[in-house]
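I opened the model and kept notes as I went. The entries follow the order in which I looked things up.

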Amino acid sequence: MVQILIPDTNIFSPTKEDFTEAARYLGYRKISAPDEMIQKLIEECCHELFNILSPQAVIESFDLSLSQNNQIYFGDVILNSVDLSRNLNGCSKVYIFAATIGPKVDACIRKSTAIDTVKETVFQSCGAMFIEKVVDYINEEIKKEAAASGLKTKPRYSPGYGDVPLLIQKEFFRLLPCARIGLTLMDTLIMSPEKSVTAFVGAGNF
């Protein structure tokens with residue numbers, strides 16, 4: 001059964017740890033922290049994006065079968081992947097989901113491109129931080145649901161990583177009502193809004 005999840009935006013209110021994570025996306029590390037001006041800009045951009053976030057997700061689960069030759073079967077999909085087979089090893093069920101933080105974030109980033117390229121870069125990093133924060137929340141919700149059935153979950157795995165082709169995005173959009181959360185898939189296989197994620201989460205007794 002498809003789930004439409006619209007979490008309370010306040011859950012994602014930016015913290016000091018989020019500012020650090022946004023800085024990491026900019027290329028900063030603990031040994032090379034951003035200067036005061038950049039740090040202030042990171043915090044401002046995070047708060048600005050937080051005010052326009054619209055986190056949503058669609059989730060569906062399927063029975064899962066794996067073959068010895070790395071074939072993965074769920075729903076009516078057959079996918080060949082060594083990497084995803086390894087990730088899903090021991091699972092009897094797979095969740096697939098698509099999540100986004102909404103079109104206003106993309107619009108804000110596009111607007112800044114023509115005005116301030118430094119701020120645009122910081123917005124990109126803050127947006128990346130927020131979508132990961134939302135996806136972590138979705139992952140925890142899936143983990144809770146699986147646990148209620150006595151199952152454990154594996155780390156999420158997204159199309160485009162390892163040997164899992166981006167082409168599988170088409171199956172996500174066929175199986176999930178992504179339009180209900182304002183998500184579309186372009187011919188390039190990139191999603192719009194851009195700050196969106198699709199992923200597999202395996203569950204089983206392992």
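**Entry 1. A loop residue with an unusual phi.** I am working from a predicted model. I began with Asn-70, which at a relative accessible area of 24% is partly exposed; the value misses the buried class because that class ends under 20%. I placed Asn-70 in the loop between strand 2 and strand 3 (71-74). Its phi is near 70 degrees, a positive value in a residue that is not glycine. I noted the background: most residues other than glycine have a negative phi.

**Entry 2. Another positive phi.** I found a phi near 70 degrees at Leu-189 too, again positive and again not a glycine. Leu-189 sits in the loop between strand 7 (184-185) and strand 8. Is Leu-189 buried or exposed? I read a relative accessible area of 14% for Leu-189, so it counts as buried.

**Entry 3. A cis bond.** I checked omega at Pro-193 and found the peptide bond from Ser-192 to Pro-193 to be cis, with omega near 0 degrees. Pro-193 belongs to the loop between strand 8 (191-192) and strand 9. For background, most peptide bonds are trans.

**Entry 4. The chain as a whole.** I counted elements next: the chain holds 6 helices and 9 strands. Its radius of gyration is 18 Å, and the globule rule gives 17 Å for 206 residues; the two are close, so the chain is as compact as a globular protein of that length. Along the principal axes, the C-alpha atoms fill a box of roughly 55 × 35 × 30 Å. I took the contacts with a separation of 6 or more and found that 76% of them join residues 24 or more positions apart.

**Entry 5. Surface and charge.** I recorded 47% of the 206 residues as buried. The exposed area of the chain is about 10,700 Å², with 52% supplied by carbon and sulfur atoms. I counted 21 positive and 25 negative side chains, and the centres of these two sets are 2 Å apart.

**Entry 6. The largest nonpolar core.** In soluble globular proteins, nonpolar side chains tend to be buried together. Which residues touch the most other members of the largest nonpolar core? I listed Ile-42, Cys-46, Phe-97, Cys-126, Phe-130 and Ile-138, out of 37 residues in that core. Elements that each supply at least two residues of the core include helix 1 (16-25), helix 2 (36-50), strand 2 (56-66), strand 5 (93-100) and helix 4 (103-113). Helix 5 (117-148) and strand 9 (196-204) are also among them. Helix 5 gives the largest share, 11 residues. I noted another core apart from this one; it has 25 residues, among them Leu-64, Leu-84, Phe-172 and Leu-176.

**Entry 7. Cys-46 and Cys-126.** I put Cys-46 in helix 2. Cys-46 has 0% relative accessibility and therefore counts as buried. Setting aside residues up to four places away in sequence, I found Cys-46 touching Pro-14, Phe-19, Ala-22, Cys-126, Met-129 and Phe-130. I then turned to Cys-126, leaving out its neighbours within four places, and found contacts with Ala-22, Ile-42, Cys-45, Cys-46 and Leu-49. I also took one longer distance: the C-alpha atoms of Cys-46 and Ala-199 are 24 Å apart, with their positions 153 residues apart in sequence.

**Entry 8. Ile-138.** Ile-138 is a helix 5 residue. With a relative accessible area of 0%, Ile-138 is buried. Which residues does Ile-138 contact, its neighbours within four places in sequence left aside? I found Leu-5, Ala-57, Ile-59, Phe-97 and Ala-99. Ala-99 is 39 residues from Ile-138 in sequence and 8.1 Å from it, C-alpha to C-alpha.

**Entry 9. Leu-151.** I ended at Leu-151, in the loop between helix 5 and strand 6 (152-153). Its relative accessibility of 13% makes Leu-151 buried. Neighbours within four places aside, Leu-151 is in contact with Lys-93, Ala-146, Ala-203, Gly-204 and Asn-205. From Leu-151 to Asp-18 I noted 133 residues in sequence and 30 Å in space, C-alpha to C-alpha.

Technical notes. Residues are numbered from 1 along each chain as its sequence is written. This is a predicted model: local features need pLDDT of at least 70, side-chain atom pairs count only at pLDDT 80 or more; totals for chains, interfaces and linings use all residues. Side-chain values use heavy atoms; hydrogens and water are left out. Helices (H or I, at least four residues) and strands (E, at least two) are DSSP runs, numbered from the N terminus. The radius of gyration is taken over C-alpha atoms; the globule rule is 2.2 Å times the number of residues to the power 0.38. Buried means under 20% relative accessible area, exposed over 50%, partly exposed in between (1.4 Å probe, protein chains only). Contact means heavy atoms within 4.5 Å. Accessible areas come from the Shrake-Rupley method with a 1.4 Å probe; for residues, only the protein chains shown count as cover. Lys and Arg count as positive and Asp and Glu as negative; His and the chain ends are not counted. The place of a charge is taken as NZ of Lys, CZ of Arg, CG of Asp or CD of Glu. A nonpolar core is a set of buried Ala, Val, Leu, Ile, Met, Phe, Trp, Tyr and Cys residues joined through side-chain atoms within 4.5 Å.
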